[in-house]
Each structure stands twice: as C-alpha cells, then as structure tokens.
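This report introduces a structure to a reader who has not met it before. Please look through the sequence and the structure shown here before reading on.

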Amino acid sequence: MNLYEITQSLDFIKSKINVEPEIGIVLGSGLNHMAEEIKEPIYIDYKEIPHFVTSTAPGHKGRFVVGTLEGRAVICMQGRFHYYEGHTMKDVTYPVRIMKMLGIKNLLLTNASGGVNRSFNVGDLMLIDDHINFLGTNPLIGKNIEEFGPRFCDMTYAYTPELKEIAFEASKETGVELKRGTYLATTGPSFETPAEIRMYRALGADAVGMSTVPEVIVASHAKLNVLAISLITNMAAGILNQPLSEEEVMKIGNLKGKDLQKLVRCIIKRIP
C-alpha cells in the first residue's frame, strides 16, 4: 500500500458520490440488511474499486453504500474483508484508511461473535470495551505512513469513551439492552475448541470472533473515533451441548439485526 494506490481508490470513489461522508459503518455477518435503511443510496462494488480485493465471506455483499441515515452522511461497508479469506492485513484494513481519507471522523463497527461469558445469551448485544488480539499479527507491521498516524500507536482509548457513553444513552432511549465486555479476535475460519474457549475466558474475554480488531487498530492509528458492537449469534464451543454452524450465525443475525439497527440509528442521531 502506498499513497499512489490510495489516491487512485479515492479518485474512483469520489467520481461516484456527491456527498462527503462523516460516519463510517462496517456491517458484520448476518447484519447486511441494515444498509437497506440508507436514504438515496449509491452502491459501489469493491471489485470495481482500484486496489480493493473481493469479499468472499458468506452473507457479505461486498460493496460500499453511500447516502444518508438519520440525516447524517454515511458510508457503509456492506460486508468486510477477513484475514481467513487469505487477504493480507493491508487488504483487510484498506477500506478503513479509504473512509478516513474520504472524510469520516467516526467509525461504527458491528460483528457476529460467539459468547464466551456464561452470563450471555444468544441474541445479546455487547458493546466492546476492549479487545485481545489473538490474530498473531498486526495491521501496522511494515513501513509506517506518517499521513495516517505515528509509528507507535497508543491503544489505551481505542474504543472512544464518549461514543460508548452515547451508545448507553441510546440503549436507554430505545429499550435495546446493551451489555459490555472484551472481544477476542482469532484468525478462523474454524470455530474454536472448548479448551481454547476455556483459555479465552481465563484471559478475560467475553466474546470471540474473526474480525474487527484489525480495523480498530488501523482506525485508532488514524485518530478516528471508534465504537464497536457485537451481536452474540451463538454460544462458544463447550458452553452448550451442540455443534456450531455458519447457519446459526446467519439465522440469529437476521432475527436480532433489527434491534441492532434501531440502536445504531439512535447512536448516529446522537453523535455530535
């Protein structure tokens, strides 16, 4: 990745849109229907954008949707990239850098995750307070681009405290319950073993998934305000006496996505 590639991507996207987005939204597995609420949408397939890769994860449409939501100009990733798809960390996080250069100040991320905390239930929403990076790598490895941020990125407030407060205010207003906890990211694509889940719980994880952390690291590096919410679509291995499946993730995403959609819309209204 270099500034020339970024410029080419930006020029292509700017040629397709007529607004400057102020909020970026990333939609996880089973949550793509939220993009259908965007007014006056402009669709840009990732495969059309120079230097973008193609999204192959199930349930991910693989496109940007640009328009307005609750009166705010937004750019929404209707599907993200994952390390397990064989993409590099540069490819996985490239859209975040592009959204930053398009003008966003706030990034809202969602994902489907497995519940590690035994007090959680399938269908719960969890505000991510912090994360544990179990991916074995970091998207900032390599030459640093000073235009985005410093060589060494502070992660103390990677999840912006002010946005977390707004999320809990929105939870009260909408009546959508919002739990909080620590998210642990693994590479996937296999689900975790019961022994691994016991270890993650001992480390302090409340939920586990295969995304989000690389995007948060790059967003923090770029000084973006970040808010992230997990939808608990299944209980992690060993908690319930049943196998895990992709179908379960998609089913719960479709059932509970409306609650998340209601919450996100209220959050967007409240962002200064």
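Where in H2 is the kink centred, and how many degrees is it?

## Helix H2

The model described here is predicted. The kink in H2 is centred on Pro95 and amounts to about 30°. Helix H2 covers residues 89-102, which makes 14 residues. From its first C-alpha to its last it reaches 20 Å, close to the 20 Å expected at 1.5 Å a residue. After the helix comes Gly103, which has a positive phi near 120°.

H2 is largely enclosed by the rest of the structure, because eleven of its 14 residues are buried. The buried residues are Met89, Asp91, Val92, Thr93, Tyr94, Pro95, Val96, Arg97, Ile98, Met99 and Leu102. Pro95, on which the kink is centred, is thus listed among the buried residues. The cover over the buried residues of H2 includes two other helices, H1 (3-14) and H5 (213-221). It also includes the strands S1 (23-27), S3 (63-69), S4 (72-78) and S5 (106-115).

## The cavity

How many cavities of 30 Å³ or more does the structure hold? There is one cavity of that kind, and the space in the largest cavity is about 40 Å³. Its lining is formed by Arg80, Phe81, His82, Tyr83, Val92, Leu135, Met210, Ser211, Thr212, Pro214 and Glu215. By character, six of the lining residues are nonpolar, three are polar and two are charged.

Several of these residues belong to elements described elsewhere in this report. Val92 of the lining is one of the buried residues of H2. Thr212, also in the lining, has a notable backbone angle, described in the next section.

## Backbone features in the loops

Thr212 is found in the loop between strand S8 (207-209) and H5. Its phi is positive, about 75°, although Thr212 is not a glycine. Is this residue buried or exposed? Thr212 counts as buried, because its relative accessibility is 1% and the limit for a buried residue is under 20%.

Lys223 lies in the loop between H5 and strand S9 (225-235). Lys223, not a glycine either, has a positive phi of about 65°. In contrast to the buried Thr212, Lys223 is exposed, with a relative accessible area of 62%. The loop between strand S7 (179-185) and helix H4 (194-203) is the place of Pro189. The peptide bond that leads from Gly188 to Pro189 is cis, with omega near 5°.

## Helix H3 and strand S6

Helix H3 (residues 161-174) contains Lys164, and Glu162 lies in this helix as well. Which of the terms buried and exposed applies to Lys164? Lys164 is buried, with a relative accessible area of 13%, whereas Glu162 counts as exposed at 54% relative accessibility. Leaving aside neighbours within four places in sequence, Lys164 is in contact with Leu127, Ile128, Asp129, Tyr159 and Leu227.

One of these contacts, Asp129, is found in strand S6. Asp129 is partly exposed, with a relative accessible area of 22%. Not counting residues up to four places away in sequence, Asp129 touches Tyr159, Lys164, Arg180 and Gly181. Tyr159 is therefore listed as a contact of Lys164 and of Asp129, where contact means heavy atoms within 4.5 Å.

## Residues separated along the chain

How many residues apart in sequence are Asp129 and Arg180? They are 51 residues apart, and their C-alpha atoms are 6.3 Å apart in space. Lys164 and Val226 are 62 residues apart along the chain, with 8.9 Å between their C-alpha atoms. For Glu162 and Ile271, which lie 109 residues apart along the chain, the C-alpha separation is 9.2 Å.

Asn138 has its place in the loop between strand S6 (125-133) and H3. Asn138 is partly exposed, with a relative accessible area of 27%. The C-alpha atom of Asn138 is 9.7 Å from that of Lys90, although the two residues are 48 apart along the chain.

Definitions and conventions
Residues are numbered from 1 along each chain as its sequence is written. This is a predicted model: local features need pLDDT of at least 70, side-chain atom pairs count only at pLDDT 80 or more; totals for chains, interfaces and linings use all residues. Side-chain values use heavy atoms; hydrogens and water are left out. On a 1 Å grid over the protein atoms alone, a cavity is a set of points where a 1.4 Å probe fits but cannot get out, and a pocket is an open set with protein on both sides within 12 Å along at least five of seven lines; lining residues have an atom within 4 Å of a point. Grid points are joined across faces, edges and corners, and a volume is the space filled by probe spheres set on the points. Ala, Val, Leu, Ile, Met, Phe, Trp, Tyr, Cys and Pro count as nonpolar, Asp, Glu, Lys and Arg as charged, and the others, Gly among them, as polar. Helices (H or I, at least four residues) and strands (E, at least two) are DSSP runs, numbered from the N terminus. The expected span of a helix is 1.5 Å times one less than its number of residues. The bend at a residue is the angle between axes fitted to the seven residues ending there and the seven starting there. Buried means under 20% relative accessible area, exposed over 50%, partly exposed in between (1.4 Å probe, protein chains only).
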